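Here's a quick briefing to read alongside the model. It covers some strand pairing first, then the cysteines.

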Amino acid sequence: MRTDMAPKTKKKLIEVALPLEAINKGCEEDKNRKTGHIRNLHKWFAPMPLPSWRAMLFAALVDEPDNSDGGKEKNRLFGIIERLSRFDAYKDRCLLEEAKAEIRDQLGNIDVEIVDPFCGGGSTILEAQRLGLKTRASDLNPIPVLITTALCQIAPLFGTREPINPEAGQPAIGGWESFDGLKSDIRYFANIVRTRAWERLKTHYPSVNGTVPTAYRWAWSVASPDPSARGRYTPLVSDWVLSKHKSLKAWIAFNGDNNSQFSISNSGTPPKGNTGRSGATCLISGSPITLDYIRSEGRAGRLRQCLIATAARGASGVSYSAPDDIQIQAAMAIREADISGIEMPDAALGFRVQQYGIHNFLGLFTKRQALTLGVFAEEVERIREEIADIAREARFPDDKRRLHEGGNGAEAYADAITCMLGLCVGKMAQSNNILVRWFVDPRNGSGKATPSFDRHAVPMVWDFVETNPFGGSVGDWTGPVLETALRSLDLCVSQASPASVQQSDARDVSLSLSGPALVATDPPYYSNIGYADLSDFFYQWIRPALRRVFPHLLATMATPKEKELIATPFRHDGNTQKADEYFRSGFSHIFRDLADKADQRFPILIVYALKQTDENDGGQVSTGWEVFLGGLIDAGLSVVATWPVRTTTNTRMIGIGNNALASAIFVVCRKRLPDAASATRREFMAVLKAELPSALRELQAGNIAPVDLAQASIGPGMGVYTRYSEVRDAEGRLVTVGDALALINQTLDEALTEQEGDFDPDTRWAVAWFEQQGFVEGDFGVAETLSKAKNTSVGGLAQAGILDSRRGKVRLLKPEELPESWDPATDPRLTSWEIVHHLIRVLASGGERAAADLVAKLGARAETARELAYRLYTICERKKRAAEALAYNGLVQSWPEIVRLAQVGGRPAVAAPDLFATGER
């Protein structure tokens, strides 16, 4: 959404208008990709969808059309952006050449460089390369530097080279396709690493009755606190099920702490797990075990790991078995890994395992896992010299320069291949640790291991999975680990100029800028993710594999922490205020310098994704947003536009009030005008109330998810606030960023309330009653009094079919209580409230196709119902009604597809009769 702040330079399209729905559709395609994505190279946290950067960078480089042609030029540019927003647009060479030509025409002789000082998983730089632009990337953390190096430096540098391995064979007619030679070499040397690792590790992965083990189920166990079971250990298991597949039902049975503790059952009903939020139940005595007791046993080093089942794959398919002595001995009788590990901080963001006595990252791995990862890291390190020798024999230039020195010969190529293999070691660790869970797919009932870090946290997992790197399933070195990583290269740009990638504190990046730069970045989200602490999990395995390839990048024993730009109190003696000040001053420093060095003809693009959660008397205020925006304002920047971009297709919220967003916000900034005027609070509020309602309507028209509405509204609101040099109240006190955010939220709520004027009286009554009571019953007298104020009656509301009234009590009907036979064409008292809740009922029972059939009958009335869903979501969020909020949010997010299906279904919309002419509605 745009604001009317007018910089002296010519506006870019991103400051004015975007085809947001097309961009969001492409982002949904991106997030639905499980493989064939750059995310598959190596785990990084909170990656942005590729189509979002592709579209936003293009829109930041092309000028706003002057509209003298009636909008034709704007529509042409929109058409390019819409096509670029498709996930698979990276394959469309004609489209990409068209986009590049458009950028060249717009820029003239400006050789602009895209600069990302928080490069993360490399998506910004990769999409800038795809648009034919020079790129400069940096990050303080070595892991994202390695990921971006692989995708944006190694891939274009060596992507078109012929393979050097002796098994490559001959290319197809026309020569080697992009990256085929590079992938062939990576695959060849990865297989050598596997063979050598297997020779060292094969005694630790014995077969199971002649079949290959693919996974091992483990559980923590604790000594029973019950005196009757003194000294006996009970396992802690959240779920005993292995498979619910129709051809193979299996679950684990606990037989007591004897020689055959566990067995596999294929019939009957599995018991529920014995763990919960408050603790566990002893399986020996039946007595409760408190969480405090389990934690104290863990801190004392008395928790044990026990093998409870194995999964294997043979000629007849998957089989499950109880662990025998051979399997237990192979897993447990292992020397300690020759690695010191990295100590965990006592209070890192998202870490929970320290409470159970795990204080070293090595503790997140079984002995066998640690040994295996260490062996693979050693074999990757050892193979580098062999690669260099073979490259020289294949007539690679022997210029002696390494990859980090700017080389492109035999030594650099050996570094490149080793880098990819080293990242695969880190990737294998993600599916080979004690945070991996067993997941039974509800669609087909089959069970499999699920790699860790589905959230940005290190939780305690009671029953976990160890995968087999030689097992041909999840966690296999040459299967899911290597092959999915290789597929990520297909999205890279083989003909691009290699990116300049370096490790650097973002505060120092501006020092290296020498030409025109456009800053586009996705910085840390306040205190949402502890990037450096989490990445030590991978670093402890990647470093021994690659320290000779990148000696300066991997010089430290752990990833840098001191200068990391996050607001984590434990690094500031537990002082939250100091953490906030550190974050704000860091942002201010970085973006002040970047804004001074960046080309003033272009805006600065910053992604931010943090939900407002803190409440005060003036409305919701997020400390994270307040500190972030305060830093930008201190840097002399103004917000000129914000665009919510969908970063997940999951409409389920983890919970009302936490940081669960469906969208990230692209914040578009310019340097604040030096002659910007000051304003009074009254003047600020007058402009805010004049501009925010129209911005809200634009957001709703763009189908912004209700869960993201407050965040998206920050943009136009702060656009008003930051156009002034300062805002002061009647007593001369400064209106702070926090004050402004509260006023923006207050104005947003007023605007949503004013939209109720479009609703019929019955719906206005229902909204007011819902705000007070939800779906819980209340007194008839109160309901009747409210109905008079809304120009309706309780009897009429009951006749309309939206409430139940009996025995002096009144209750709104829930969607599932509404009649399935309802037909809006024959309803004599049709209300927006009914429409919304019947749509929710139909969407839940029949999906978007069924909801589309209903929308086709509703005609124009359906659009008002969508506006009502926004209003009801806002009420639910404030009242902490998570289940209802989920339903309203889901309806809005499904709306574009529902409307599309209604339009293509071939069903004529029923004309809406004038049902509201009586005054009673």
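Two strands count as paired if DSSP finds at least two bridges between them. Strands themselves are DSSP runs (E, at least two residues), numbered from the N terminus. Keep in mind that this is a predicted model, where local features need pLDDT of at least 70, side-chain atom pairs count only at pLDDT 80 or more, and totals for chains, interfaces and linings use all residues. Residues are numbered from 1 along each chain as its sequence is written, and side-chain values use heavy atoms, with hydrogens and water left out.

**Strand β3 and its partners**

- β3 spans residues 212–223, and 11 of its 12 residues are buried (under 20% relative accessible area with a 1.4 Å probe, protein chains only).
- With β11 (residues 304–314), β3 runs antiparallel, joined by nine bridges; Trp 220 has Gln 305 as its bridge partner there.
- Five bridges link β3 to β15 (residues 463–467), again in the antiparallel sense, and Trp 218 sits opposite Phe 464 of β15.
- β4 (residues 233–236) is an antiparallel partner of β3 too, with four bridges; here Ser 221 is matched with Pro 235.

**Cysteines**

- Counting a disulfide as a pair of cysteine sulfur atoms within 2.5 Å, the model has zero of them.
- Cys 152 is in no disulfide, and its nearest cysteine sulfur, on Cys 492, is 6.5 Å away.
- Cys 152 is buried, at a relative accessible area of 0%.
- Cys 876 also counts as buried, with 0% relative accessibility.

Technical notes:
Buried < 20%, exposed > 50% of the residue type's maximum accessible area, 1.4 Å probe, protein only.
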